[in-house]
2 protein chains.
Amino acid sequence: MSRERIDLSQDDIPRAWYNILPDLPESLPSYKDVESGKEIRRLPNTFTKTASELEFSEKRWNKIPEKVLEAYKNFGRPLPLIRARRLERFLKTPARIYFKCENLPPGGTFKTNASLPQAYWAMKEGYKRTVFGGTATTRTKLIHAFTARVFGLTPTIFMTRADCEQNRDQVIFLREMFGADLLESPSNRTETGRRLLKENPNHPGSSDIIGMEVEEETRQSEDGVSIISSDLNSNLLTQTVIGLEVKKQLELIDEKPDVLVASVGSGSNFYGLTAPFMKERLTRLKDLKFLAVESETSAKLTKGEYKYVPLEWMPGLLVKTYEFGWETHPPPIKGIGIQTKCAAPLLSFLRHLGIVDTAVYPKDERFVFDTARIFLQTEGRLLAPESAYPIRAVMDEAIEAKRKGEEKVIVVCVSGTLYLDFDEKERYTSLAI
Amino acid sequence: MSRERIDLSQDDIPRAWYNILPDLPESLPSYKDVESGKEIRRLPNTFTKTASELEFSEKRWNKIPEKVLEAYKNFGRPLPLIRARRLERFLKTPARIYFKCENLPPGGTFKTNASLPQAYWAMKEGYKRTVFGGTATTRTKLIHAFTARVFGLTPTIFMTRADCEQNRDQVIFLREMFGADLLESPSNRTETGRRLLKENPNHPGSSDIIGMEVEEETRQSEDGVSIISSDLNSNLLTQTVIGLEVKKQLELIDEKPDVLVASVGSGSNFYGLTAPFMKERLTRLKDLKFLAVESETSAKLTKGEYKYVPLEWMPGLLVKTYEFGWETHPPPIKGIGIQTKCAAPLLSFLRHLGIVDTAVYPKDERFVFDTARIFLQTEGRLLAPESAYPIRAVMDEAIEAKRKGEEKVIVVCVSGTLYLDFDEKERYTSLAI
């Protein structure tokens, strides 16, 4: 076994996802009905029954369905863990740095891990369409459209009219390449949309309206079901394939991690990497640091308040989460994937329990660029901008280790890529001018 | 071992590249000096000594240097061979289709295989810079810039002024992210450039001029050496890692190929896949088809003439190759990677010997789009446009197998990708309108 790239065989792929809930000292706070204040421990029935049952499930191990395992394998799992030897040399650090590659095909994003099971459950429960709001990054829309097709479903996507106008090429790509049922929101498909269009035929749309349209569309329809890309416990659960693989990989080379690092938007890649290691810390008080990396524009875990708030992806419910004090949405940063106002309820709870550390990095985009440049020239991977944040945190940890002369073991999740083979380098080039 | 995705372990990576020259019934035709007509069996000394020695070498097996092996592993080799089960079902074919993934990080292109050793030899021979013309696809420039950095060298790139003006973002990316020494050609760096700029300060440049500038720059300089991405025998040689891995993978599942398919620009991915299988056919008369897939805009192997021609990448020499009868360069097609006027000398020779079959596909871009859409929806990989051509040939072979009720085994090289995570979908979207 090479200590440079630690592979697992297909036989080593985890057979079950890990759920941390039964191992926590307290119960996860319930959701609440906005109007009655009544406690709720399931999802609205616009989601799949499976996702709903998993939301507050206390079942520790959840078997990965055979067809999902097959799809995981087909798209590259188990994924390599790579020793960042050249980055270590560049930093002259005694720390040993390992990065987990969640940046591989088809989408170049870890979201594939959660989106495949969601589409599978939809298929299994008899739905013909997955319905989702295209409010996050391009790759999130694309990966949902893709996983729908993997399981023979049609992707229905709501995108704001403004978004569609600015990204006509995306619209065409989703419609033509995936045969997506793509709606410009507000749309004529729903009562909400029709009402808003009547008021203003050129309504630009908003993510709140998309939330309402997705909810209405899936509530009324027999054949469509709502899916989202993060936030839900079922999404966090399925991301644990990341950490479960990393655990096996580190065991193979007899390495014990000191710090686990990942970026946090709503936090599903962070949870996926760290949750399988948390039990150890919970039960054995092992000195293991879980470092959630945020942008100062949205440092909810670091500076936000833990409270019940309404979320656009689940109209009618209040959810307990860390919320950052935005008055209005801040101007987008390059690492747009980590710029969210709230963290996932479960991750928020872990933070509340004191299990999660945080690091905050400035929105100064030069730093994203510099980090990405160093990682590209040393490790040869072009980071998605949001993945530059945790790599910067790794570099800072490694520099500290050098100062202290410590042989620290740092493991980081590279959650997304911009391949060298992309044509539009703007995300980086506009930083460089 | 799963028959769906056939992995090799890092220990199974080929230790030597295969050279077909000693196994051929005739010698590869020499190059000729343009002026004297003298036969030459090496490269000009603007290339590395190693590449020059390999050009007409009769050594069958060439050990892969340890540092190149390490880089191959670090960037994902051995790469998976995947059974295209969903495509088979879509086509209702009894054929078994396997695709070799040469579309993975860092560049999403098979060119990494050849570019890494070239940069390694440059480093080993004491050069500080690799010098190349950025006349091919974006990903070729990027991969050369990248491999230079892997071995601690600076990439010097000549791009035409017109190209630079149209692709300002690429220029910035190469300069800022890779620290490339990027020259707008005609440039002030060379006598050729200065003369042309004097005549016309806004000279748009051309690939011929780039060829002359690269030649002059590397002839005069102590620290720079010329590298190119295909054509040379050393490039074809190093691409044999593709076919050597495929051979092992097929043996593991006890499968015997009937057809091997790849696209042909100058032909290095085609050679890389097929050469390791050619010996069998040469010596045992095995019924094995090697299918080179071309575009009708540049069907050199199918319709071209086998003759001595001057090539822009090697000024002063004549090279025997199949040349397509272009008067002027045709308008670029989407699969620009396969639109070349000439094939690599060695591949041309194999065609001349009757070992290689060809298929030609129309330039009609709807067909590229349709093929890519089908492959995306079935196999979940977004093909680089040039990789859509061989996949179409595979589909046609599979349909023929269905008609004849034959259980044919078809193996294809997916030489490049456009990841789902690219922002500019133009290459496909402009086809879809």
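These legends accompany close-up views of a predicted model.

**View 1. Domain 1 and domain 2 of chain A meet at an interface.**
Welcome to the domain boundary of chain A, where domain 1 takes in residues 5-108 + 233-414 and domain 2 takes in residues 128-222. Their C-alpha centres are 27 Å apart. At the interface, 12 residues of domain 1 of chain A are in contact with 12 residues of domain 2 of chain A. Together the two domains bury about 1000 Å², with 69% of that area coming from carbon and sulfur atoms. On the domain 1 side, the residues losing the most area to domain 2 are Thr46(A), Glu312(A) and Pro315(A), which together make up 48% of what that side buries.

**View 2. The chemistry of the same domain 1 and domain 2 interface in chain A.**
If you are looking for charge pairing here, the count between the two domains of chain A is 0 salt bridges. Likewise, 0 residue pairs in polar contact are found across this interface, counting pairs with both residues at pLDDT 80 or more. The side of domain 1 of chain A that touches domain 2 has 6 nonpolar, 3 polar and 3 charged residues.

**View 3. Ser298(B) sits in a loop of chain B.**
Strand 13 (289-295) comes before this loop and helix 13 (300-303) comes after it. Is Ser298(B) buried or exposed? Its relative accessibility is 0%, so Ser298(B) counts as buried. A polar atom of the Ser298(B) side chain lies 3.2 Å from the backbone oxygen of Ile338(B). Leaving aside neighbours within four places in sequence, the residues in contact with Ser298(B) are Phe324(B), Trp326(B), Ile338(B), Gln339(B) and Thr340(B).

**View 4. Ala359(A) belongs to strand 16 of chain A.**
This strand covers residues 357-361. Ala359(A) counts as buried because its relative accessibility is 14%, under the 20% cut-off. Beyond its neighbours within four places in sequence, Ala359(A) is in contact with Leu291(A), Ala292(A), Val293(A) and Glu294(A). You can also find Leu301(A) in this view: its C-alpha atom is 9.3 Å from that of Ala359(A), although 58 residues separate the two along the chain.

**View 5. Helix 2 of chain A and the glycine just after it.**
Helix 2 spans residues 66-74 of chain A, and its buried residues include Val68(A), Leu69(A) and Ala71(A). Tyr72(A), Lys73(A) and Asn74(A) are also buried in this helix. Just after helix 2, Gly76(A) adopts a positive phi of about 110 degrees.

**View 6. Two cis peptide bonds, one leading to Pro186(A) and one to Pro78(B).**
As background, most peptide bonds are trans. In chain A, the bond from Ser185(A) to Pro186(A) is cis, with omega near 0 degrees. Pro186(A) lies in the loop between strand 10 (181-185) and helix 8 (191-199) of chain A. In chain B, the bond from Arg77(B) to Pro78(B) is cis, with omega near -5 degrees. The loop holding Pro78(B) runs between helix 2 (66-74) and strand 6 (81-83) of chain B.

**View 7. Positive phi at Asp231(A) and at Asp231(B).**
Most residues other than glycine have a negative phi. Phi is near 65 degrees at Asp231(A), and about 65 degrees at Asp231(B). Asp231(A) is placed in the loop between strand 11 (224-226) and helix 10 (233-238) of chain A. Asp231(B) is found in the loop between strand 11 (224-226) and helix 10 (233-238) of chain B. Asp231(A) is buried, with a relative accessible area of 12%, and Asp231(B) is buried with a value of 13%.

Terms used: Residues are numbered from 1 along each chain as its sequence is written. Chains are lettered from A and ligands numbered from 1 in the order in which they are written. This is a predicted model: local features need pLDDT of at least 70, side-chain atom pairs count only at pLDDT 80 or more; totals for chains, interfaces and linings use all residues. Side-chain values use heavy atoms; hydrogens and water are left out. Domain bounds come from an automatic or database domain assignment. Contact means heavy atoms within 4.5 Å. Buried area is the accessible area (1.4 Å probe) that two parts lose on being put together, summed over both. A salt bridge is a side-chain nitrogen of Lys or Arg within 4 Å of a carboxyl oxygen of Asp or Glu. A polar contact is a pair of N or O atoms within 3.5 Å; within protein, one must be able to donate a hydrogen and the other to accept it, and residues adjacent in sequence count only if both atoms are side-chain atoms. Ala, Val, Leu, Ile, Met, Phe, Trp, Tyr, Cys and Pro count as nonpolar, Asp, Glu, Lys and Arg as charged, and the others, Gly among them, as polar. Helices (H or I, at least four residues) and strands (E, at least two) are DSSP runs, numbered from the N terminus. Buried means under 20% relative accessible area, exposed over 50%, partly exposed in between (1.4 Å probe, protein chains only).
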